[in-house]
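Q: Please take a close look at the nonpolar interior of this model, and describe it for a reader who has not met the structure before.

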Amino acid sequence: MSEGTDDPALSATEELALARLALDEGDLHHAAGHLAGALARAPTLPEVHETLARLAATSGGGLDLFPINHHTFVGAVVARAHLLATAGRPAEGLELLAAATSYAPGTEWAGVPWVTAPELAERLDPAHIARVLMQVCAALPDPVPRIGRAPLTPYLTLARNAATVHPDHGLLLGAASALARRLGEVELAVRWATRGVRAQPSKMGEVWLGYAYRSSGRTRDGLAALGRAVELDPDDLAIYADIAGTLAEIGRLDEALEWTERALARDPSFDCAVHTAHRLRHLRDGDLAHLVALADFVRDHPDDSHEHGDLAQCCRGRPWLGQLTPAGGPLVDAMRQAVADDDNGLGGAVRLPAAAPPSAVGTAISTAPGLRIEVVGTPEPDPREPRRASAQRLWHYADAVPTPAVAAPSATAVERIGQIAHPAWAHPPAAYDAAVGLAGLDLADLLGLLVHPPAAPANAVGRLLAAHDPSVWVRGVQVWACLGLLHHRTDEPWESSTRRRVLLDLIWGVEDWVTEAALFALVTAAWVDPSVRPDVARVVAERLADAAAVARSRPVPIVASLAHLALAAPQLDPETAALATDLLGAHSPRLPRPRNPLRRLWQRLSRGAPRRP
């Protein structure tokens, strides 16, 4: 199903006017095309349906004008649905409306009289109605956000009518319950599911009842219903995973894990049980190895029964697992204050005991040009010098002011990074996949993005960051540019590859935000490729040990972020994990949540994090 190729600027009224004009001239095909456009923009507008009826009367029903193929425009699908209903084939028409709803659930495709009329439920087979309701449910979140429920209420009206006409049809009542549950009508969902189980006891009936109970807060009753479903079909391991997830939600973690083990004993590769088991094991002990094992399973089993969110749920909001960490240090704090005061830093000053990371200086100068930066100390080791000799230098220093040592990126690179960069992601493998859009950029462009970050885009994310913390956008650009380096010359063996060499140069270069971004790219490589894990773990351990040693003699603004990165690295040795935990002031090597003064900002940003394609 497609969105069409007509001018998107045309409104429903304009499309309708063109359709009427074409109809008056006898040009039925153009009239049909414009009517499809009008329906796509205003599917419940009475004038559109009146003109569609005229077209049908003129063309012998009009069905030939709206054929279905693999790339049919959604407006044409909806037009054919209405014509089918008019032709006495409402079952077929209802299926097409459900397909349109699956394609675009936020549009009220079914808000027309023939769908909500009680007579439709009397004419259709109840099993057919049930299948349509299940088709709609399959495209919806559970629950649907309140703002998105109104376009779906015609289906709930259909369900009410059908439940009245067919009060003892178990499949229909269960499907109706599933829809009601998603639309927030949880008590109605319980009543329908209860009726369905009483009329026709079945595994699916008990599952629908269990979900309805759970959504209404009656967890104990929900578990009982799901348990009965297992008794009816002990081989349906998805129910085991549902019971485990429900038990975990109410704090009965040991019992939850028992259910996952029961499922895995029957089928060690069953995806729902594997995902749930790894998530619950991580919830129990905080061991990163469970999440890495889950990522490996996802990579090795690309054809799971359905999309799972367990890995993303465990990584959400976690430092470097689901988002970058906010920058630290007095210069960034002063810059944030200048942004909050909206005064460009005029009259403000910040005294630094040592040179700040060059990316922080550049961001502060561009964001708060009135802020006076004074470096009052020259402690050793000099933060303006690379930690190891490297072939790639990103910065020159003149009078303690850093300037880029590489050329600015191309317009193409700026455009691509603007489309991809985001300060949050579902999990490291998802970030790696999303960065494939940067694979075509050459090395000079990717390095140029690190020191010449483009302005934040003029969209919701860009405006949010500009109003709260511009450093987050700069850090995001650097992170995604380094992820782009992972896709550079992937045909080269890892150990001798350009991507590894360049990332190591950046990791051991001048102490900077780029250090964190490059180390995250290495950590991400370890998440997606088990063969590089020992190498990455060694680099992470060496870089953190170096930062900890330096921090004993002078401030290292990036040391906390490096510690978080270490705790996100697969196969990290216990000594380095203990060092990272000590640097963060924690008591165990579990994955700590960031002590983040910008928590609300992160919560708003994470809602738009890119997912795995």
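A: **The nonpolar core and a helix pair**

In this predicted model, the largest nonpolar core comprises 95 residues, and W480 and L506 have the most contacts inside it. Helix α27, spanning residues 513–528, gives the most to this core, contributing 12 residues. A second core of 74 residues is separate from it, and includes A19, A31, A56 and L94.

W480 also takes part in a helix contact: I417, G418 and I420 in α21 meet W473, V477, W480 and A481 in α25. The residues of this contact divide into 6 nonpolar and 1 polar, with no charged residue. Helix α21 covers residues 411–420 and helix α25 covers residues 470–486; the two pack at an angle of about 105°, and their axes lie 10 Å apart. Because angles from 65 to 115 degrees count as roughly perpendicular, α21 is roughly perpendicular to α25.

Another buried tryptophan is W320, whose relative accessible area is 1%. W320 lies in the loop between α18 (310–315) and α19 (330–341), and has a positive phi of about 70° although it is not a glycine. D342 likewise is not a glycine but has a positive phi, of about 55°. The place of D342 is the loop between α19 and β1 (349–352); at 69% relative accessibility, D342 counts as exposed.

Two loops contain a proline that follows a cis peptide bond. The bond from D142 to P143 is cis, with omega near 5°, and P143 is located in the loop between α8 (126–138) and α9 (153–165). E380 and P381 are also joined by a cis peptide bond, with omega about -5°; P381 is in the loop between β2 (372–375) and β3 (395–398).

Technical notes. Residues numbered from 1 in each chain as written. Predicted model: local features only at pLDDT ≥ 70, side-chain atom pairs only at ≥ 80, totals over all residues. Heavy atoms only, no water. Axes fitted to C-alpha atoms, helices over the stretch in contact; angles between N-to-C directions. Helix = DSSP H or I, 4+ residues; strand = E, 2+ residues; numbered from the N terminus. Parallel < 35°, antiparallel > 145°, perpendicular 65-115°, else oblique. Contact = heavy atoms within 4.5 Å. Nonpolar A, V, L, I, M, F, W, Y, C, P; charged D, E, K, R; others polar. Core = buried A, V, L, I, M, F, W, Y, C linked by side-chain atoms within 4.5 Å. Buried < 20%, exposed > 50% of the residue type's maximum accessible area, 1.4 Å probe, protein only.
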